[in-house]
Amino acid sequence: MNVDVRELEMADYDLLENIKTALHRLWKFKMVVVLMTLVGLLASLVYISIVGISVNYRSSASIYSMVYGSYEDSTDGVKVMNTYASLLGTSNVCERAAVSLQDTGINGTTLKNMVAGGKIYLRGADSKTYGYKLTLVTESDKPDYVEEISNAMARAFADEINDLLGSKTVQVVDDANGV
């Protein structure tokens, strides 16, 4: 492979000339460029004022099925945990969580509505492929109490499953963090 230095220098020079020519032409149409920039900025401001900007805050807590020293009990806990994942929106779980959220003013009905509206849900619950870990996710447009709700609902769900099993198989291992 034979490289001609003169060809490379000419290619670089041509590229620089093309950039210089393009900038010179743009400068001739500077009023058009400024006008189009202002129109784009105005259109974006109108869009934002009509549609608005929404911010969602999300927090999650991890729930595991594990019994120290007993693989069989852990496996049974996984089956129950995944099978009864729909218990999350029940009055028992929501009221139990509301007790620990008394200071926030959030009641069981509010939690139940959040579950029904998809703002609180379990990720990883699948009846076909059982997972040892469920993630309870809480979403809200307000950052107030998102972590507290996740932690309270995760503990209430784990306690409800444990009451069904009559053991301490299901545990909250990772508390909610981050907004």
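In this predicted model, the side chain of Glu139 makes a polar contact with the side chain of Arg58, at 2.5 Å. These two side chains also meet in a salt bridge, again with 2.5 Å from N to O. Let's look at where the two partners sit.

Glu139 belongs to strand 3, which covers residues 133-140, while Arg58 belongs to strand 1, residues 57-65. The pair links distant parts of the chain, since its two members are 81 residues apart.

Is Glu139 buried or exposed? Its relative accessible area is 12%, and because buried means under 20%, Glu139 counts as buried. Arg58 has a relative accessibility of 47%, so this residue counts as partly exposed.

Which residues surround Glu139, if we leave aside its neighbours within four places in sequence? Glu139 is in contact with Tyr57, Arg58, Met114, Gly118, Lys119 and Tyr121. Arg58, the salt-bridge partner, is thus one of the residues on that contact list.

**Beyond Glu139**

How many salt bridges does a search of the whole structure find? The search finds 4. Here are three of them, with their N to O distances.

| Salt bridge | Distance, N to O |
|---|---|
| Glu139 and Arg58 | 2.5 Å |
| Arg96 and Glu160 | 3.5 Å |
| Arg96 and Asp163 | 2.7 Å |

Arg96 appears in two of these rows, so let's follow this residue next. The side chain of Arg96 meets that of Glu160 in a salt bridge of 3.5 Å. This pair, too, links distant parts of the chain: Arg96 lies in helix 4 (residues 91-100) and Glu160 in helix 6 (residues 146-165), 64 residues apart.

With Asp163, the side chain of Arg96 forms a salt bridge of 2.7 Å. Asp163 lies in helix 6 and Arg96 in helix 4, so this pair ties together parts that are 67 residues apart in sequence. Through shared partners, the salt bridges join Arg96, Glu160 and Asp163 into one network.

How accessible are the members of the Arg96 and Glu160 pair? Arg96 has a relative accessible area of 30%, so Arg96 is partly exposed. Glu160, at 12% relative accessibility, counts as buried.

**Putting the pairs side by side**

You have now met a strand pair and two helix pairs. Glu139 in strand 3 is joined to Arg58 in strand 1, and in that pair Glu139 is buried while Arg58 is partly exposed. In the other pair described in this way, Glu160 is buried and Arg96 is partly exposed.

Conventions: Residues numbered from 1 in each chain as written. Predicted model: local features only at pLDDT ≥ 70, side-chain atom pairs only at ≥ 80, totals over all residues. Heavy atoms only, no water. Helix = DSSP H or I, 4+ residues; strand = E, 2+ residues; numbered from the N terminus. Buried < 20%, exposed > 50% of the residue type's maximum accessible area, 1.4 Å probe, protein only. Polar contact = N/O pair within 3.5 Å; in protein donor to acceptor, adjacent residues only side chain to side chain. Contact = heavy atoms within 4.5 Å.
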